[in-house]
Amino acid sequence: MSTRAVAGAGAIVIFIGAILLLGGSDDLPDGWRIAVIGLVVVMLALMTVPLAQRNRQRRAVSSSPPEQPRPQLAAEPPATAATALHETADPHLAEPERAPVTFASGLASSRRTLRDRLASIRGRTPDAETWESFEEALLGADVGVATTMATLDRLRSAAAEAGITEGGELMRALGDQMRETLDADRSLATSAPGRDDATAVWLFVGVNGVGKTTTIGKVGHRFSSAGRRVVMAAGDTFRAAAASQLQTWADRCGAELISGSSGADPSSVVHDAITAAAARGADVVLADTAGRLQTRKNLMDELAKVRRVADREPGAVAETLLVIDATTGQNGLSQARAFAEATNVTGVVLTKLDGSAKGGIVFAIEAELGLPVKLVGLGEHAEDLVDFDPDSYVDALLGVAEELQPSEGE
């Protein structure tokens, strides 16, 4: 019986019972009177139970979150061979491939700066204003005062000797001279000279924030991709996030990380990493060092100690790479001088070259310090840390690559 039927019947019974009990009928036997009272009580109970259940249901509904409407699903298209192939293929294969980074794309910002300042030179006879434009452009690209003056002196002599009378020819002569200047040995050593049996160690030095840890991760990716076993040493024990950041890179490229407690002696961490690498047959140890201000002599002395410890058996320092943020410009020179004295720097890694309008710092570093730029960062991906190629660099810096592109219709 439904709740409404029970309520209706109960109301009728109670109404009749009330008439019989209260209607003043004294002739109603006591037995009947008791029966009527019992029937009324039963009907009241039957009416009360559904009401209580309904109240509980209402409270439960009010306390629960409202039901979200179900989204209407669009009708699925009929399956075809193309959709079946798409569903079964590896999802990573469906992603468009990223175009490889090049010097031309990475140095776009620096190229725009030089091109804008040298635009007035092309198509006119070299004069005093032309040389002033050259000087302004090279200084603006952070080539440095001494290097700029030396470059222009050589260029004037070459122009006079070759009889150059047109700005475009002068630009080409500048490019040739730049390429000749960048003639250093840029090879990266995989072992220390005369110590081929020792475990190779690459030390990465530089001030805070230049990208040492990221550079180590990218170099580790390069070694791992070539099938070499890598151990990373978290020697930057003073920066809390350094070890965790390096651990992330180690996980990505399948390297092993050796770290120490916070504030531990960096030399001991590097030594432990070299010992572990030698015991496990690793090919190279990539050692992070604490970022240091080049003006703090005690910190530079400590860095020199790290270098000495890393060069002891069973390890041998094959490369000591100074990492410089290209966006810092001439300040990178003062960094390079101090680090070169403390750690016998073998080469420079220029990071963030793609984000700098001052890419000419390469010439200043090599001309004034004699340190070869070996690696440059042209992007954020692991593959964007590339070997420095002087020809591609100069072409990209001066816009030669753009000039060689065929115009539409050719």
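This report walks through a predicted model, from the whole chain down to a few single residues.

## Ground rules

Since the model is predicted, local features need pLDDT of at least 70 and side-chain atom pairs count only at pLDDT 80 or more, while totals for chains, interfaces and linings use all residues. Residues are numbered from 1 along each chain as its sequence is written, and side-chain values use heavy atoms, with hydrogens and water left out.

## The chain as a whole

Let's start with the big picture. The protein chain holds 16 helices and eight strands; here helices (H or I, at least four residues) and strands (E, at least two) are DSSP runs, numbered from the N terminus. Of its 410 residues, 41% are buried. For the record, buried means under 20% relative accessible area, exposed means over 50%, and partly exposed is in between, using a 1.4 Å probe and protein chains only.

The accessible surface adds up to about 22,300 Å², and carbon and sulfur atoms own 55% of that; these areas come from the Shrake-Rupley method with a 1.4 Å probe, and for residues only the protein chains shown count as cover. Now for contacts, meaning heavy atoms within 4.5 Å. Among contacts in the protein chain with a separation of 6 or more, 76% join residues 24 or more positions apart.

## The sheet

Next comes the sheet. It is open, has eight strands in the order β3-β2-β4-β1-β5-β6-β7-β8, and its pairing is mixed. Two strands count as paired if DSSP finds at least two bridges between them. At the edges stand β3 (256-258) and β8 (385-387), each with a single partner strand, so one side of each has no neighbour in the sheet. From one strand to the next, the twist averages 25 degrees.

At one end, β7 (residues 373-377) and β8 pair in the antiparallel sense over three bridges, and Leu 375 sits opposite Asp 387 in β8. Strand β2 pairs in the parallel sense with β4 over six bridges and with β3 over three. Ala 234 stands opposite Asp 288 in β4, while Met 232 has Leu 257 of β3 as its bridge partner. The route from β2 to β3 goes through α10, and this β-α-β crossover is right-handed: with the strands pointing away from the viewer, the path from the first strand over the helix to the second runs clockwise.

How many of the residues of β2 are buried? Six of its six are. Val 230, Met 232 and Ala 234 point one way, Val 231, Ala 233 and Gly 235 point the other, and all are buried.

## Helices against the sheet

Helix α9 (residues 212-225) packs on the sheet and touches β1 (199-205), β2 (230-235), β4 (284-289), β5 (315-325), β6 (347-351), β7 and β8. Its direction makes about 170 degrees with that of β4. Helix α10 (residues 240-253) lies across β2, β3 and β4, at about 175 degrees to β2. For these angles, axes are lines fitted to C-alpha atoms, for helices over the stretch in contact, and angles run from 0 to 180 degrees between N-to-C directions.

## Nonpolar cores

A nonpolar core is a set of buried Ala, Val, Leu, Ile, Met, Phe, Trp, Tyr and Cys residues joined through side-chain atoms within 4.5 Å. The largest one has 75 residues, and Phe 134, Leu 350 and Tyr 393 have the most contacts inside it. Apart from it lies another core of 16 residues, including Ile 258, Ala 276, Val 306 and Val 317.

Leaving aside residues up to four places away in sequence, Leu 350 touches a list of partners that includes Ile 324, Ile 361, Ile 365 and Leu 375. Ile 361 and Ile 365 are among the buried residues of helix α14 (residues 361-369).

## Backbone oddities

Most residues other than glycine have a negative phi, and most peptide bonds are trans. Which peptide bond is cis, with omega near 10 degrees? That is the bond from Glu 313 to Pro 314, and Pro 314 is in the loop between α12 (297-310) and β5.

Asn 344, in the loop between α13 (331-343) and β6, has a positive phi of about 55 degrees although it is not a glycine. Lys 352, in the loop between β6 and α14, has a positive phi of about 60 degrees and is not a glycine either. Asn 344 is partly exposed, at 49% relative accessible area, and Lys 352 is partly exposed at 37%.
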